[in-house]
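Open the model in a viewer and keep the sequence panel visible. The stops below are given as selections, each followed by what is found there.

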Amino acid sequence: MSQYSPSLQYSTSLTSQTDSSRRGQYGLEVLSEGKGPVTVDIVAVHGLGGHRIRTWTHKSQCYWLGDLLPVDIPDARIMTFGYDANVRGSSLNTFKDSARLLLHHLLLKRDPGTIPSSRPILFICHSLGGIVAKQALVKACSSPEYRVIRGSIIGTIFMGTPHRGSSVASLGKVVADIARLFSFSISMSHLRSLLPNSQELSELSSEFCQNIMSPPVKVVNFFESKRTKVGLMRIPIVPQASAVMDPVGPIQEGISLDGDHRQICQFANGDDTQYQLVLGNIRGILAPETGPLPGRVDTPNNIDNNKTDVESILAWLQYRSTPLLQPVEGTCQWAFDSLPMKELRGGSGHKMLWIHGSPGVGKSFLSSYIASRLRTESDTIVIYSTFNAHTPGSRKEAALVSVILGQLLAEPRFKDDVFSSLVSLSREYVSAAQIPFRKALQILVKACHNCRRCYLVLDGLDEMTESTTEKTNLLRALVDVQYEEDYSHPFKAIVTSRDMTPFREILSCDLSLQIKPKDTADDVMKLARLELHKLALPKSMTDLVSDTIRQRSHGLFIWASLFVSGLQTQLSDNNDIKTYIAETKEGLDSLYAHTILQLHRTSPGLLEIRKLVLTFCSMAAMPLELSEICNASDIELNCHIESLDTIYKACGPLIEITDGRVSLSHLSIRDYILAGRRQDDISLPESSTAAHTTMANICLKYLCLDDHQQPFSCFPWYDNHENGQYPLLRYASLNWGRHMAQAGPLDLTSLEVLRSFIASNAGIRWATSYYPLFQHQRGESLPSAFAELQSLFLQIKSGVLKSGSINTHCSSTRAEICQVLDTFFVQSFETVLAVERSITGTKSRGTIERLLDLSRVLRIFGSPKQARLTAREASSIAIARFGSLDPLSLICTHHALLLELNNMPRTANTESKESMIQDLRDLSFSMRKVLGQYHQDTLRCRHDLGLALFRDQQVSDSYFVLRKVYEDMKKHLGQSKLTQRTANNLANALYTLKRLNEAESLLLSIEDIKQLSQDTVSIELDSYHIYSFESLELLANVYLQQTQTSKAVLMHERAIAGRALLGGYDAELFLWVTNLGAILVWQEEFAKASSLYVFWISNGLKNIQLSSSVTMLRKHLIECLEKWKIASEKGLCEAPVYDAKIAAAIDTALGTDPVVFPFSPSSSFLCWSKRSTNSIPALLFFLSFISIVLYMFWTHWPHGLVTFY
């Protein structure tokens, strides 16, 4: 073996240390020789700063490699590899050296005279030990002396190994976080081989993936689920996105282990569930018959028995089975025998049936019954889904997609094709929640060609948590797929909901069945008799109750159910049943009022708890757990709820508790509660705004409990949130702003709570830690999350200003709050930056990251100059400290360039523009190498290169760059805010290139824009992001170019309203107003145009920064009045009316020189009438008008639209 020694920088004494009788520091130590015929070598490799024994030893002293694994896998020889990964001292070894050492010792331990070369090898690696193993495998592929080793490797288990950067952290940063685990001096030889050239790690991962295909090597990636304590903070060392490789070929889906970065490779005993999880995967690698052969892509012929892969797909889908309700025997038959149902099941060509009715008539029971009956028919597949208000996440579109695909996969006849489709989708979408509903339907339609009939039964569409427009869009997708796909398909749909106008407009085009009281009266009585039989009442009393239900229920199942539940309560409390019956009135509202009255009587001491629970169940974004409601009770009532029994006793049949989560038993109860307090019922909120106020106050009071003396505490709440402590923290952090924004004018109590919060360190910690953390867990970037929060703060500020009290104290509080709200986020990040500097120094990574965050916040909240200065400071420190190719340096440089680009004047010289473009090209190339081609920051940089080309009027080049990056974003980021913004800019390039149809098609492919562009539905503007309204404004200009002026006006109006609501008043908004006004004047709608100008002039005068915009509108108002006057003199319209508002708008002194508008209308423009009989002047004017609008758009629009962050 001496032939290998020249290539190694080690003394021969290291070889002697591999003797299994000694536990030396380096080399391979045999822990178990194995019993009987040994069939595999298992080799454990520790990471940076680790030890071949201590790394794998639990604090209980359980050394699982030596104590547990030999017992569970007795035919394995188990070894642990030690190498010079010391973080102290002046070691010169790199990970490449350690990889060569590992191969060298494997050859020594696998003497071909005693051990067959075919004996498999399995690596188990922790942290950066995985990089050693990957390097060893790649080296073995290229070196003839080690190829015998490569041929024996059958699997690798990685535990917290950083394979790549994530969407928020580069690979180099992940490695740096691992290094931060060690507070003392670090051996720089390891870091030199990792940090400055993290592109080498990316290349290593790429080579590893190529070399594991043949012969195949199974790969299992475990990732940590908890943050690791580092100094004063807890941070994610190796995030899931970094620890999990793409599941291609033999690489399996990532698996979570319960523990932080250190704990995931240590187990307390053999019964530890985490150990059993690891052991199961080891056995899975060693037993190829339990899954597909490594490296082989599953085909329909080899996946039938592959249960593990199917389960992994179901886990990726987050699929939950949907149980069917069991109607009382003999009920619901009438619906199945109805004419619409017969026509749907027959060959009439109908594709959809809409079943609708008022709340409580039994739509859910009916849909369950129909689904059950259809499933009994031969060669028929039924997919059933319900928007269940009792299960978190089940009321979202993503849950419907999961149910459709999961139930399809469970059908044996569809399994092959559906599984193949889902494998493809899992490679296209990081999360199954990103799969569009339309794509799921297309898979369903394709699959159902293999059966006689396929039904999708969709219950309770009106209970979706999404906005009305999103529900409507879902229905449109369903209708489109039904009729646009191959019409011969056997797929049909049954939808149940309330009778809502938007649904009626879409669904009434096909079959419909309205549930009327006379239809369900007999079914209600059958249900009632069954329940009454359980109560064992005397016959006379049973007859009285039955008559009451028959006369007063009016065919409402929910009425009969609640009435019988109340009756049962009266019996258990020995109350007078006849009095209860006499007091109960017909109608749901009367029944709810009576139910609450009975609860007051039986549990008067629980009134406040009742009010709190009903408020939370009505207003919370999702059903809350008991622990969250207990937290709320502690805050609001200073009373701890001990158990679910207390909640049951307080709220009775009005609530249901499923899997520990509390929700209302029926959606109509929410309608009753939020309709306003009735008959002085103090157990209900006065109104929906009052309920939002209560929710906001509780959330803020809860967050204020975390008010320590320093913005950083040694034990931030989120350290323990995932362990069950502080359960309300997530909900409070994400939703207090939404509740307060919808609370309307704030009362004095709310003002005081808000003032205390934004003036405290609790507010700072929320702004800089909790809110970004939980938004990141939802997949939002910091810029887009704060942009959304900015719009909420505008609404909150409006509520503050509208608060009704006029006493001196309230006025001063309002003024203080408004002043603090304007600077809250900037001051919060400045404070945290100061603390970070004092703790870690002025040039630490933490300080640079805080500088970067501060620059982003300054940019979002309107301080672009200070943002640029802060970005330059962060970039210069990072480059000087870590070098220009460090990931943090690259991100800081990109941010600084972006701010320069956004603020570059259009009159900048050619040299400056070309320099900016070249800088972005160079930076994009560096980011690809260091961060990876599809890292979020790399994609951002490529996007901004396209933006810079557009600014330099290289529109064709810009288009090709933006088109490619948009395709990559859709594939790797899904429908993110960054993807939508890129779509906006790509559409802008198409617009400029006169490719109007393509621009329109691209914009309408965005789901939000498709909804906002509908002219037949009401729009809830606050449910969209501000980026959507930028898209809508561009679509308005496309329609204008296409001479679809009526559509253009509608799009302009909605875009203006949305931007004003979400972004406040700014110069860009006033430019949009100018565009709309110009169209109205051209259409000779002078009164409407003048009213538009007057309204926005009066609003603009409230902000001195908008003086130039107001001057521009004032100029257009005067021109509008002149045209109006000329038109009236020609008898084309009535004369203009100069009222006081118009006079005030014209005569107001603005104190600034008028802004010169980009064009000067000619006299022909002022005198032209579109009613003129001369078609040539009309055509010439219209062309000139289009040119003017184009010039305005070219001059002003790109500066606003293509600015990104």
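Which residues of α38 are buried? Select the helix: Ala 867, Arg 868, Thr 870, Ala 871, Ala 874, Ser 875, Ile 877 and Ala 878 are the buried ones. Buried here means under 20% relative accessible area, exposed over 50%, and partly exposed in between, with a 1.4 Å probe and protein chains only. Helices (H or I, at least four residues) and strands (E, at least two) are DSSP runs numbered from the N terminus.

Before going on, some ground rules. This is a predicted model, in which local features need pLDDT of at least 70 and side-chain atom pairs count only at pLDDT 80 or more, while totals for chains, interfaces and linings use all residues. Residues are numbered from 1 along each chain as its sequence is written, and side-chain values use heavy atoms, with hydrogens and water left out.

**Stay on α38**

Helix α38 covers residues 864-882, 19 in number. Its end C-alpha atoms are 26 Å apart, which agrees with the 27 Å that the helix should span at 1.5 Å a residue; the expected span is 1.5 Å times one less than the number of residues. Now show α37 (845-860) and α39 (887-902), which are among the elements covering the buried residues of α38. Directly after α38 comes Gly 883, with a positive phi near 95°.

Next, select Thr 842, in the loop between α36 (808-840) and α37. Leaving aside neighbours within four places in sequence, Thr 842 is in contact (heavy atoms within 4.5 Å) with Arg 837, Thr 847 and Ile 877. Thr 842 and Ile 877 are 35 residues apart along the chain, and their C-alpha atoms are separated by 8.8 Å.

**Two more helices**

Move to α40, residues 910-930. This helix of 21 residues reaches 30 Å from first C-alpha to last, close to the 30 Å expected. Its buried residues are Lys 913, Met 916, Ile 917, Leu 920, Leu 923, Ser 924, Ser 926, Met 927 and Val 930. An α-helix has 3.6 residues a turn, so residues three or four places apart point the same way. Just after α40, Gly 932 has a positive phi of about 110°.

Then go to α50, residues 1107-1129. Its 23 residues reach 33 Å between the end C-alpha atoms, close to the 33 Å expected. Gly 1131, just after α50, takes a positive phi of about 80°.

**Positive phi outside glycine**

Most residues other than glycine have a negative phi. Select Ser 127, in the loop between β4 (121-126) and α5 (129-142): its phi is positive, about 55°. Ser 127 counts as buried, at 3% relative accessibility.

Glu 1084 also has a positive phi, near 65°. This residue lies in the loop between α48 (1067-1082) and α49 (1086-1100) and is buried at 16% relative accessibility.

**The nonpolar cores**

A nonpolar core is a set of buried Ala, Val, Leu, Ile, Met, Phe, Trp, Tyr and Cys residues joined through side-chain atoms within 4.5 Å. The largest has 141 residues, and those with the most contacts inside it are Ile 494, Ile 549, Trp 736, Leu 754, Trp 766 and Phe 825. Centre on Trp 736: beyond four places in sequence, its contacts include Cys 699, Leu 754, Trp 766 and Phe 793. Apart from this core lies another, of 66 residues, among them Ala 989, Ile 1026, Tyr 1027 and Leu 1040.

**Cysteines and a buried serine**

Cys 699 is buried, at 1% relative accessibility, and Cys 332 is buried at 2%. A search of the whole structure for disulfides (cysteine sulfur atoms within 2.5 Å) finds 0.

Select Ser 368 in helix α15 (residues 363-375). This serine is buried, with a relative accessible area of 0%. Outside its near sequence neighbours, up to four places away, Ser 368 touches Leu 324, Leu 325 and Tyr 384.

**Last, colour by confidence**

The average pLDDT (the predictor's confidence in each residue, from 0 to 100) is 77, and 79% of the residues score at least 70. Residues 165-169 stay under 50, with 13 contacts beyond four places in sequence. Residues 289-308 are also below 50; this stretch has 30 contacts beyond near neighbours in sequence. Where pLDDT is low, the predicted coordinates should not be read in detail.
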